[in-house]
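Please look over the sequence and the model shown here, and then read the report below, which moves from the whole chain to a few of its parts.

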Amino acid sequence: MTAISTKDLERPERVLVIVAHPDDAEFQAGATLAKWSRLGSEVHHLVLTDGSKGTWDPEADPEELIESRKAEQRAAALALGATGEVHFLGLVDGELTGSRSEIALVAEVIRRVRPNAVLGHDPWRRYRLHPDHRRAGELCIEGIVAARDPMFFREQLVDGLEPHRPSALLLFEADVANHAEEVSEVDLQQRIAALEAFQSQLETTHFYGLDPEEKVAQFRSQQRDRLTSAGATLGVPMAELFHLITDQL
Ligand SMILES: [Zn+2]
């Protein structure tokens, strides 16, 4: 559902994108992150899980998969032009619980990075099956609330951290999108380059069974279609859509 009422935030100085798995940030907001990086924003990633279930191969070694997905995520951030850090919490893939200790970990990263804009999964998206995406969205929101209020996780403040309040929250894969970031051909190309850094995922989760060249061509045209159809909702060539929240932060 889309009823876009705002377009293009003023460029945020620091950005934190909070995701369940390696590659979620790039799939949902890669072009926007590339655009802001090019304009000078400092883009940081926080990846909550270790990605250890991201394969269809039951013989895969989970430890090797974790390491390769971390390396891929770092390469993807570079492909976006992100100059911030890539933080990994290393929680078990598929098993996010939304516990107090997980919220504390997210709040701590928010208090360290001090982002002006935070991006995360929309926890209210209907009919979503993957539990990590819903819980990662909840953790993002609860982490923001905890990070800004001094009575939450006070032990973090003893170490010199201070409460922090971002000014914008952008939820991606939004149940009801209300905001668009217009993006360009360059941003699309960086989004594709970043996604293609996730080689372990291209092999197993995209266009299974096609020959490699066909796979790449289909993948690239699918990415272009996603951005052009989002752009069509507001009459621009390409965009990524979000639910923007600014008034409760
Ligand atoms: Zn995911």
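## Overall form

For a chain of 249 residues, a compact globule would have a radius of gyration near 18 Å, and the protein has 17 Å, so the two values agree. The model is a predicted one, and along its principal axes the C-alpha trace spans about 55 × 45 × 35 Å. The protein contains eight helices and eight strands, and 45% of its 249 residues count as buried. When contacts between residues at least 6 apart in sequence are considered, 81% of them join residues that are at least 24 apart.

## Strand β2 and its partners

How many of the six residues of strand β2 are buried? Five of the six residues in this strand, which covers residues 14-19, are buried, so β2 is largely enclosed by the rest of the structure. Strand β2 pairs in the parallel sense with strand β3 (residues 42-49) over six bridges, and in this pairing I18 stands opposite L46 in β3. Between these two strands the chain passes through helix α1 (residues 24-39), and this β-α-β crossover from β2 to β3 is right-handed. Strand β2 also pairs in the parallel sense with strand β5 (residues 117-121), over four bridges, where V17 stands opposite L119 in β5.

Leaving aside residues up to four places away in sequence, I18 touches L46, V106, V118, L119, G120, A136 and C140. I18 and V17 also appear among the residues with the most contacts inside the largest nonpolar core, together with L33, L48, L80 and L119, and this core has 62 residues. Helix α4 (residues 131-148) gives the most to this core, with seven residues.

## Helix α3

At 1.5 Å a residue, the 14 residues of helix α3 should span 20 Å, and the C-alpha atoms at its ends are 20 Å apart, which agrees. The buried residues of α3 are E102, I103, V106, A107, E108, V109, I110, R111 and V113, and what covers them includes strands β2, β3 and β4 (86-91) as well as helices α4 and α5 (155-158). As background to such a list, an α-helix has 3.6 residues a turn, so residues three or four places apart point the same way.

## Two residues with positive phi

Just after α3, R114 takes a positive phi of about 55°, although R114 is not a glycine. D8 likewise is not a glycine, and its phi is positive at about 60°. The table sets out where these two residues are found and what their phi angles are.

| Residue | Phi | Place |
|---|---|---|
| D8 | about 60° | loop between β1 (2-7) and β2 |
| R114 | about 55° | loop between α3 (100-113) and β5 |

Is D8 buried, exposed or partly exposed? D8 has 14 other C-beta atoms within 10 Å, and because a residue counts as buried with 20 or more such neighbours and as exposed with 12 or fewer, D8 is partly exposed. R114 has 17 C-beta neighbours inside 10 Å, and therefore R114 also counts as partly exposed.

Technical notes. Residues are numbered from 1 along each chain as its sequence is written. This is a predicted model: local features need pLDDT of at least 70, side-chain atom pairs count only at pLDDT 80 or more; totals for chains, interfaces and linings use all residues. The radius of gyration is taken over C-alpha atoms; the globule rule is 2.2 Å times the number of residues to the power 0.38. Two residues are in contact if their C-beta atoms, placed from the backbone, lie within 7 Å. Two strands pair if DSSP finds at least two bridges between them. A crossover is right-handed if, with the strands pointing away from the viewer, the path from the first strand over the helix to the second runs clockwise. A nonpolar core is a set of buried Ala, Val, Leu, Ile, Met, Phe, Trp, Tyr and Cys residues joined through C-beta atoms within 7 Å. The expected span of a helix is 1.5 Å times one less than its number of residues.
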